[in-house]
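Dear colleague,

Here is the structure I said I would pass on. My notes on it follow below.

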Amino acid sequence: MTHLFGIRHHGPGCARSLIRALEDLSPDCILIEGPPEAEAVLASAIHAEIEPPVALLLYCPDDTKKASFYPFAEFSPEWQAIRFGLTRSVPVRFMDLPQAHDLALRDEPSMAVDPSDRTDQSDQAEADDISGDPLDWLGRAAGYGDGETWWNQMVEERRDADSAGLFAAIQEAMTSVRAEIPRKLPPQSQQREALREAHMRKTIRQAEKDGFQKIAVVCGAWHVPALATMPSAKADNDLLKGLPKVKVAATWAPWTYGRLAAASGYGAGVLSPGWYEFLWKNQAAEASQRSIAWISKVARLMREEDIDCSSAHVIEAARLSDALAAMRERPAAGLDEINESIRTVICMGEDAPLKLIRARLIVGEKLGRVPPDVPTVPLQQDLEKQQRSLRLKPEALAKELDLDLRNENDLSRSHLLHRLKLLGIQWGEVRGTGRSAKGTFHEVWQLQWQPEFAVAIIEACRWGHTISDAATALAIDQAQQAESLPALSALVDRVLLAHLPHAVEPVTRALENLAAIAGDASQLLEAIPPLANIFRYGNVRQTDASLVGHVLDGLVTRACISLGGACASLDDDAAAAMRKRIIATHQAIKLIGNESHLADWMPALTRLAMLGGTHGLVCGLAARLLFDEKTEDADATATRMSQALSIGNDPAPAAAWLEGFLHQSGMVLLHDDRLWQTLDAWLASLIDESFIRILPLVRRTFSLFPGTERTQLGARAKHSGAASPAVQTAVTVEWNEARAQKPLAVLEKILGLNS
Amino acid sequence: MMNTLRQHAEQLFAHELDELQKADTRQRPTNWNLSPWAVATYLLGGRLDNGFEVSAKYIGNRRVIEIAVATLVTDRALLLYGVPGTAKSWVSEHLAAAISGDSTRLVQGTAGTSEEQMRYGWNYALLLSKGPSKEALVPSPLMKAMSDGRIARVEELTRIPADVQDTLITILSEKTLPIPELSSEAQANRGFNVIATANNRDKGVNELSSALKRRFNTVVLPVPATEAEEIAIVTKRVGEMGKALELPSEPPALKEVRRIVQVFRELRDGQTADGKTKLKQPTGTMSTAEAISVLNSGIALAAHFGDGTLRAGDVAAGLVGAIIKDPVQDVVVWKEYLETVVKERDDWKDLYRACREVI
C-alpha cells in the first residue's frame, strides 16, 4: 500500500504533520523526492556533527558548472522524513529523476533552460515545483492576496492535529488545480516535469516489487496527483528510455537561511526561514502565546540595537495584531499581522527597523555545518585542477613568485590569484616591486597557503562551482553593496585584474548608479581618468567599450554640472588637489575625444575662469586651459590676465592665479610662443607705476621656478619676441676647453670607439 | 448650502454612510456608527451586498487603512504620519466621519495652540460674575469628544509646542481630563479616541516626547505605490478641482498627466521608471498633491493665455517651481535630470526645450 504525502518544501507545518502521519503509519519504506545519487552520502544526515541548514550538492566532476543544490532546513519535511527513516532503520530512497540525466539534459538544445530564468546555480528541480502560480491560484480563490499568506495560514501556522485530513486536503486541492488550470510552462520544463514524475512512479513500482508493504511517499504537493494515478509501467519506461547521462558525484555543503529565502533568487525558497524555524520550535504553543513570544524576540533584538522597546510596546503590538487578525477574519495573527503591528506600535511607522527584523529574525543568519568527512566540494576540485594545470603548488612555506604577464601561463596564474583574492582566499599578496600604477608586465607575488583556506573554499562554494563563477558572483554582490565611488573603482580594477568579463557590466553599472547620486564632485572627477583610459586603450579585455562609454557620458555630464559648485570656497590645499583633478580630467576628456563632452566641459571651464568664483589657482588654470584649447583667443586671455593681476586684487589670490595659469612651471613659457607673446605683451603694456606694484606678484610666482628655467626665460626676454629655436641658441655657456677634453678618453673607451 | 466652498465629509458622503449603516450587520464597538469592517469599506470603496457602490476615498494600500481602523478598535490613539500631500488629513476626516458621523471635533495644531484649546477655556463674564462653575467652562473639541464618546482630531500635532502636546498624555492614558478649578474631572466615554496627523518633513519642529509617542500607534501613509495608482489619483483630483475652479480648459491629456507624474515619481524615488538610472533627489517632497497643483496651474495657463490645450510649455514653469526649492542643490539635481534623462527621451523633446527656457 502506497501512502502519498504532498508537502511544501521547507514548510514546518507540513513537517510536523508528516512526522505525526509517519508515526501513525510506521512505514517499512520511505520514498522522498530527491536525487537518487545522493543516497550514497545520506548516512551523514544523522551524523552527530551535521547541523542544518545544509544542502545536498550534486555535480558533474568533469564539468563543475553543472550542479544542483537540494537544501534542507531543520523544519524541512524531507529532512525530517530522512531522519525518521535513518534513525528507525527504515529504508530511505530518493525517487526524483537522477541528476545524471537531469544535468545531462541541460546540454540538450531542446531542453536547454533559458539562462535568464536559471536562477544562478540553484536547483531547477525545486524551482519548478509548487512555488508561484498554483499556490497563488488557490490563495486568490480563497480571497487572499497571494498564495504565500494563504498557505501559511492554512498549513504552516495551523495547530490542529488532523494530519491525515491535511494531506488528503492537499491532494484534493492540487488535483483540482492541476485539472482546472493548465499550467503555462515552456515546453522543455513541461517535458522535464513529465520525466521526473515518470521516474517517481517507476521508483514507487520498484519499491512495491521489492515487497514493501507500507510505502510512504514524500513529495512536493504539486506532484501528488501525478503519483496517485499510475499509468502503465511501459509508458513511463518508454519515456525514460535513452536519456543522456553524465557522471555525477554527491556531497553535502553548508547552507544559510539567507540562501534559503526566496529573496536571494532561489526558486523554491521560502520567504521566512527564521519564522518557520520559530514555528517549528514552538509547535505546541497557543496561537496567541506564539505571537507574544515572537514579538518578545523582536523586542529583545530592538533593545540590543538601542531602539526603545518596552513591555508595554509588546503588549500593545500583540493587541493590535489580534485586532487586525479579527478584522481580516483570520483565526490567529500571522506573520503579516505581527509585522504590521510591530511597525505601527514599536517602530513609529518606520521601515528601517523592520528591515533589521527581517534580516535578523524573519530570515535569520543561521549558517549550517557539515561533518568534516564529507567528500570535497566542486569549487575545491576546480581549484585543484587549476593548480595542477598552472603548476602552482599550495605550500605552507612563504615563497616569492615573479610573473611575466606576457607569458600566457603566467597571465592565467595572475588571474587565478586575483580571483582567489576576491573570494577572500589570500593565498598570494602582490609585492609592489616591478609594478607601477599603469601596470608593467611584471607582477611579483608572495605566496603562502594556509590550512584555513579549506574552510574559506567551502564557504565560497555558495557563490559558484568554479573559481571564476564564484569570483564573478561575489564581485557583483559586492558592487551592489558598495557605498563609495573609490571602493567601486577599486573593485572595477580588481575585476579587470582578475579577468572576470561577466562581472564588468554589473560592476560598472553599479558605478554609474553610485555616480548619479554622489554629491561630491571631486569623487566624480577622480572616477573619470581611469575609466577614460579603459575606454581609450581597451584595457578592459573583451569588454564592450560602449558600456564604459555610457558610464563616462553620465560621469562627464554630471561632473560638468557640479564643477562650479565643487570649486567654490576652496582653501589652498583643497585648491591644489582640485587643480590636479581638473588637469587629469581635462586630459581624460581630450583622450576620449568626444565632441559632446568637450561641448559640456569647455563652458564649465569658462565659468570657472570667471574671476572671483573660486580659488585663484583653479581660476588661473581654467584660463590657461581655455587658452591652450584655443577656445579663447590671445586677446581674451590677456584681458583675463590683466584683470586677475590688476592692482585692485589682493596679492595672494593674484599670485595664485598666475601660478595656476603657468601650471607652476616656466618651461611652457619657453616653448609656447603664443603664451610667451601674450604674457610679454601684457607685461610690456603696464605703465611704470603699475609695473612696480605688480612686480612682487610676478616675482613671487617666478621664484618658484628652477634657476635654469629662470635664466632661460631671462635670455629669451632679452631677445624679446624671438621664436623658440632662437631660445636654444641664446643660451650661451662659457666652455673650459681644457676641462672638457679630460673625460673624452674615458667616454671613448666606454662607447668602444677606439677598439 | 450650495455656496459652501467645501463640505464636510459626512455631508458630502451622507448617502453612502447611510447605505453602509443599513447594510452593516457586523459587530460595532460601543458608540461607533459602523463596524470596523464597514469603516474600511467606506474608505477603500467597494460594492455592498445590496448592490450599492461605495466610492473609494483613499486610493492605495488596503492594509494601511485596515491597520488604522484596527488601532482605533484597540482604543490606542492613531497618529497618521507621512510627507506632506499624502492624504493624512483626508483620511483622518473620513475616519472620523465614518466612525462618529462627525469630523468637526478638530484641534488645528499651530505654533500658537494653547492649552485652553486642548483642554477647556472659560467664559470670563460668567466666571467673574458667578465664580468657577460647570456653566462657565468652555470645553475644547477634545473634551466634547470625550463626553460624547466620539473621535476627536488633532491636525499637525508636531506644530504644537511640546508642553501643550503633553496635555494629551493624561487624556490618552488615563482617558480623563482633570478640572482642578472645580475639583472634578471629565471622564471619557467609550468610543472616544484621537486621530492625530503630523508630517515627517518637519521633524524636530516639536518632536513628540517619548511618553506621548508611546501612546500613539503610528501609521505612515506612503506615497502612491505604482505609477498607475498615482496617475489615477492625479487625474481624478485635477478633474474635480478644475470643475470647482470653473476652468474653461479641456481636461488634461492623459499623456501630459503621465509625464508629470513620471517626473515626480522619478525624482522622488531617486531613479528612473525603468530602474536603470539612479538620480539625485531634490530637497522638496515631490508629493502627489504638488503634481496636482502643477497640472492645475498648467491648465489655468493654457486656458487663460493659450488655446486651452495643455502643452509642455504650460507646465514647465510650474514644474520647475515645484522642484527647485533650494536655489543651489535643487538646481544641480534638476539640471542633471534634464540633461541625463529628459534629453534622452525622444518624445520628451518639447518638455526638454520648454524647461531649458525656464531655468
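The contact between the two chains draws 23 residues from chain A and 30 residues from chain B. Please bear in mind that this is a predicted model. On the side of chain B that touches chain A, the elements giving two or more residues are four helices and a strand of chain B: α3 (36-44), α4 (62-73), α11 (210-213), β11 (216-220) and α16 (329-342). The largest share of that side is the seven residues from α4(B). By type, the residues on the side of chain B that touches chain A are twelve nonpolar, ten charged and eight polar.

Elsewhere in chain B I looked at one position, B:V154, which belongs to strand β7 (residues 151-155) of chain B. Is B:V154 buried or exposed? There are 25 other C-beta atoms within 10 Å of B:V154, and 20 or more are needed for a residue to count as buried, so B:V154 is buried. Setting aside neighbours within four places in sequence, the contacts of B:V154 include B:V107 and B:G109 as well as B:V194 and B:A196. B:I195 is 41 residues away from B:V154 in sequence, yet the C-alpha to C-alpha distance between B:V154 and B:I195 is 6.2 Å.

Now chain A. Its 755 residues are 44% buried, and its secondary structure amounts to 36 helices and ten strands. Of the contacts in chain A between residues at least 6 apart in sequence, 74% link residues at least 24 apart.

One sheet in chain A is worth setting out. It is an open sheet of three strands, ordered β8-β10-β9 (chain A), with antiparallel pairing. The edges are taken by β8 (399-404) and β9 (428-431) of chain A; each has a single partner strand, so one side of each has no neighbour in the sheet. On average, and ignoring direction, neighbouring strands in this sheet are turned by 30° against each other.

Within the sheet, β8(A) and strand β10 (residues 442-447) of chain A run antiparallel and are joined by six bridges. As for individual residues, A:K399 is placed opposite A:L447 in β10(A).

Which helix lies across this sheet's strands β8, β9 and β10 of chain A? That is α18 (residues 408-422) of chain A, and α18(A) runs at about 125° to β8(A).

Regards

Key. Residues are numbered from 1 along each chain as its sequence is written. Chains are lettered from A and ligands numbered from 1 in the order in which they are written. This is a predicted model: local features need pLDDT of at least 70, side-chain atom pairs count only at pLDDT 80 or more; totals for chains, interfaces and linings use all residues. Two residues are in contact if their C-beta atoms, placed from the backbone, lie within 7 Å. Ala, Val, Leu, Ile, Met, Phe, Trp, Tyr, Cys and Pro count as nonpolar, Asp, Glu, Lys and Arg as charged, and the others, Gly among them, as polar. A residue is buried if 20 or more other C-beta atoms lie within 10 Å of its own, exposed if 12 or fewer, and partly exposed in between; C-beta atoms are placed from the backbone. Two strands pair if DSSP finds at least two bridges between them. Axes are lines fitted to C-alpha atoms, for helices over the stretch in contact, and angles run from 0 to 180 degrees between N-to-C directions.
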